[in-house]
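Here's a quick walk through one structure, going from a loop to the core and then out to the surface. Have the 3D view open as you read.

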Amino acid sequence: MIAALNGAFDDISKAMRLHRVWIALAHEDIGDQHRRTTLGPLWMLVNYFAFVGTFAFVFVTKDASNPSYIAYVAIGMLVWFYLTETITMSVSLFQREASFIQGTTLPLFVYVMRLTMQCIIRAGYSLAGCVLILLLSGYGINTNWLLSLLGLLLLILATPAFVVVFAFLGAFFPDSEFIVGNLMRVGMFFTPVFWVYSGQEGIQAYAYHWNPFTYFLESVREPITAGVFPGHALAVTGYFCLGLWAIALLLLGLYRKRIVFLI
């Protein structure tokens with residue numbers, strides 16, 4: 001196990017020294033995805049506004065009358081979009097990068113960071129839209145926003161671990177690409193992205209308390225919408241990140257040299 005961890009850290013350190021490579025590749029990916037479009041990457045901002053508007057004004061719930069509800073949905077959508085994109089794209093990562101993996105000697109973690117950077121760039125457009133919605137909703141910039149940044153930082157730190165775990169899952173079990181995609185689509189309704197938990201019993205209680213994604217959302221959202229320090233959410237998120245990284249490091253250390261035979 002120690003040898004596997006040493007191998008994982010060696011692969012990560014080599015990849016971080018090649019940061020210019022995966023940053024450039026991520027920017028190229030974003031450009032390729034929106035080539036020849038009128039708005040270019042701004043379509044990601046339009047897409048974010050469309051979803052927030054749909055859930056805030058079309059799928060009206062009893063919580064919609066609360067002045068903070070639009071901010072609640074805006075932040076919830078920001079975090080959920082990021083998680084969904086990261087996880088669903090990770091499952092097929094090694095298949096998409098098969099030609100590079102088989103034809104180059106780049107560290108495997110380079111491809112992990114390529115996708116991580118791509119997701120961060122895409123989320124940056126949604127973040128700009130979220131900030132605009134918050135300002136228009138009367139949430140002036142204050143110290144609570146700094147507390148919210150702690151949650152965003154934890155989310156970013158967890159991203160490479162998410163990518164590694166789900167990328168190896170996709171390599172071992174190709175059907176997981178469809179399973180994970182369907183689970184994430186359904187999971188949106190079992191996560192408090194647009195619905196508010198107010199002590200309800202039954203399935204909503206389980207969906208709120210036992211869903212790890214809940215705490216990623218609340219660690220970012222609570223400081224702004226509730227004005228409180230999200231100590232519990234940050235603690236749960238932190239422990240979850242540590243566990244996820246432990247699994248990711250073991251997978252990377254044990255199977256990084258065998259991945260060429262799995263894709």
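## A loop residue

Helices here are DSSP runs of H or I with at least four residues, numbered from the N terminus. With that in hand, P174 sits in the loop between α8 and α9 (176–187). Keep in mind that this is a predicted model.

Is P174 buried or exposed? The cut-off for exposed is over 50% relative accessible area, and P174 comes in at 53%, so it counts as exposed. Follow the chain to I156, 18 residues apart from P174, and the two C-alpha atoms turn out to be separated by 26 Å.

## The core

The largest nonpolar core has 72 residues. Y48, M77, F94, F162 and F216 have the most contacts inside it. Helix α4 (residues 69–91) gives this core its largest share, at 16 residues.

Take a look at M77: leaving out residues up to four places away in sequence, it touches Y48, F51, V52, F55, M188 and V193.

## Helix α12

Helix α12 runs over residues 231–255, 25 in total. At 1.5 Å a residue it should span 36 Å, and its end C-alpha atoms are 36 Å apart, which agrees.

Its buried residues include L234, C241, L244 and L252. What do the buried residues of α12 pack against? The partners are α1 (2–17), α7 (108–136), α8 (143–172) and α11 (212–225).

## A greasy spot outside

L39, L42, W43 and V46 make a nonpolar surface patch of about 330 Å². V46 belongs to helix α3 (residues 42–58). With a relative accessible area of 35%, V46 is partly exposed.

Definitions and conventions
Residues numbered from 1 in each chain as written. Predicted model: local features only at pLDDT ≥ 70, side-chain atom pairs only at ≥ 80, totals over all residues. Heavy atoms only, no water. Helix = DSSP H or I, 4+ residues; strand = E, 2+ residues; numbered from the N terminus. Expected span 1.5 Å × (residues − 1). Buried < 20%, exposed > 50% of the residue type's maximum accessible area, 1.4 Å probe, protein only. Contact = heavy atoms within 4.5 Å. Patch = residues over 30% accessible without salt bridge, like charges linked within 9 Å, V, L, I, M, F, W, Y side chains within 5 Å. Areas by Shrake-Rupley, 256 points an atom, 1.4 Å probe, with all protein chains shown as cover. Salt bridge = Lys/Arg side-chain N within 4 Å of Asp/Glu carboxyl O. Core = buried A, V, L, I, M, F, W, Y, C linked by side-chain atoms within 4.5 Å.
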